[in-house]
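Hi everyone, thanks for coming. I'd like to walk you through a structure that may be new to you, so have a look at it first and then we'll go through it together.

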Amino acid sequence: MDWEIIDLHAKQWVSEAGDKIRDSFNKTLNIQTKSNPNDLVTNIDKEIEQFFIHKIREVYPNHRILGEEGFGDELSNLDGVVWIIDPIDGTMNFIHQQRNFAISLAVYENGIGKIGIIYDVAHGELYHAINGKGAFMNDTQLPSLSKRTVKESIIALNATWVMENQRIDHNLIIPLVREARGTRSYGTAALEMVFVATGRVDAYISMRLSPWDVAAGAVIIEELGGIVTNLRGKKLDFLSNDSLLVAKPGLHQTIIKDYLKEGQW
Ligand code: 2AM
Ligand code: CA
Ligand code: CA
Ligand code: CA
């Protein structure tokens with residue numbers, strides 16, 4: 001498989017999709033809700049996913065596609081080549097802020113991440129990696145991640161997880177928030193993962209994400225020596241929903257061991 005050619009196609013399509021999203025800023029959005037009143041989707045999310053699927057099917061008819069808005073294939077495994085696409089990650093920000101959202105696109109082969117692309121459309125920042133070939137922000141290669149203590153860390157997480165909630169005992173999270181240098185919350189898993197890649201934050205925690213939220217970010221982070229697991233320290237399968245801990249090496253181990261009690265909950 002020539003991943004460099006596939007990567008060139010993917011980057012071309014992501015760039016075109018970014019133009020379409022920018023063009024939508026001065027048009028009226030059609031906004032609908034999904035699982036709850038705060039789970040939003042727009043006509044642009046759907047149009048962008050369909051744009052990618054059209055392009056992929058035209059050039060790579062044997063590849064399968066997993067997309068958030070459901071226009072791709074129904075997958076029960078990741079055999080062969082699978083494109084994992086989130087047309088807009090951070091839809092709420094896209095609607096309310098016209099920034100702090102991204103296109104997230106990954107290509108996996110038999111469950112192994114080969115290509116990860118995340119495009120911060122509003123800032124014109126394209127993050128991309130091919131497995132084994134380095135990770136980049138636009139044309140600049142990103143340096144490998146180095147160790148960091150909790151006391152010197154900025155940790156990205158949603159305030160919900162520090163309140164009593166149904167997913168995790170918030171008594172595990174409160175000491176981490178207290179002892180970290182600072183916390184941030186951006187509302188876009190894809191960008192929060194690339195912010196770990198660039199060192200803008202040191203770790204990112206979420207209780208429940210889907211494969212399209214994390215597939216591209218995982219390729220970019222792992223290329224830089226960062227660690228991607230669920231909150232019990234186990235590998236993700238990129239087929240089911242799971243929690244997420246992305247962090248610099250060392251910091252990841254400390255959070256799993258000293259704060260999250262190695263999943264003994
Ligand atoms: P989305 O914008 O593509 O839906 C928000 O904290 C982050 O969580 C975003 O990356 C968002 O992706 C993701 N997310 C996953 N499931 C969600 C849900 N049910 N409602 C809102 N955001 C969700
Ligand atoms: Ca969504
Ligand atoms: Ca998403
Ligand atoms: Ca989305």
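Okay, so let's start with the two domains: the C-alpha centres of domain 1 and domain 2 are 21 Å apart. Keep in mind as we go that this is a predicted model. If you want to find the domains along the chain, the assignment puts domain 1 at 3-141 and domain 2 at 150-263.

Now, how many residues does each domain bring to the contact? Domain 1 puts in 32 residues, and domain 2 puts in 23. On the domain 1 side, several elements supply at least two residues each, among them strand S4 (81-89), helix H3 (91-97), strand S5 (102-109) and strand S6 (112-120). The top contributor on that side is S6, with 6 residues. And if you sort the residues of domain 1 that touch domain 2 by character, you get 18 nonpolar, 10 polar and 4 charged.

Next up, the ligand. Ligand 1 has 14 residues around it, and the closest are Asp39, Asp89, Thr91, Gly187 and Ala189. Which domains do the shell residues come from? Domain 1 and domain 2 each give at least three residues to that shell. As for its make-up, the shell has 2 nonpolar residues, 7 polar and 5 charged.

Let's zoom out to the whole chain. In total you can count 7 helices and 14 strands. The radius of gyration comes out at 18 Å, close to the 18 Å from the globule rule for 265 residues, so the chain is as compact as a globular protein of that length. If you'd like a box to picture, the C-alpha atoms fill one of roughly 50 × 40 × 35 Å along the principal axes. Of the 265 residues, 41% are buried. And looking at contacts with a separation of 6 or more, 62% of them link residues 24 or more positions apart.

Last stop, one single residue: His54. You'll find His54 in helix H2, which covers residues 43-59. Is His54 buried or exposed? His54 has 11 other C-beta atoms within 10 Å, and the cut-off for exposed is 12 or fewer, so His54 counts as exposed. One more distance while we're here: Gly72 is 18 residues away from His54 along the chain, and their C-alpha atoms are 9.8 Å apart.

That's my tour, thanks for listening!

How values were computed:
Residues are numbered from 1 along each chain as its sequence is written. Chains are lettered from A and ligands numbered from 1 in the order in which they are written. This is a predicted model: local features need pLDDT of at least 70, side-chain atom pairs count only at pLDDT 80 or more; totals for chains, interfaces and linings use all residues. Domain bounds come from an automatic or database domain assignment. Two residues are in contact if their C-beta atoms, placed from the backbone, lie within 7 Å. Helices (H or I, at least four residues) and strands (E, at least two) are DSSP runs, numbered from the N terminus. Ala, Val, Leu, Ile, Met, Phe, Trp, Tyr, Cys and Pro count as nonpolar, Asp, Glu, Lys and Arg as charged, and the others, Gly among them, as polar. A residue is near a molecule or strand if its C-beta atom, placed from the backbone, lies within 6 Å of it. The radius of gyration is taken over C-alpha atoms; the globule rule is 2.2 Å times the number of residues to the power 0.38. A residue is buried if 20 or more other C-beta atoms lie within 10 Å of its own, exposed if 12 or fewer, and partly exposed in between; C-beta atoms are placed from the backbone.
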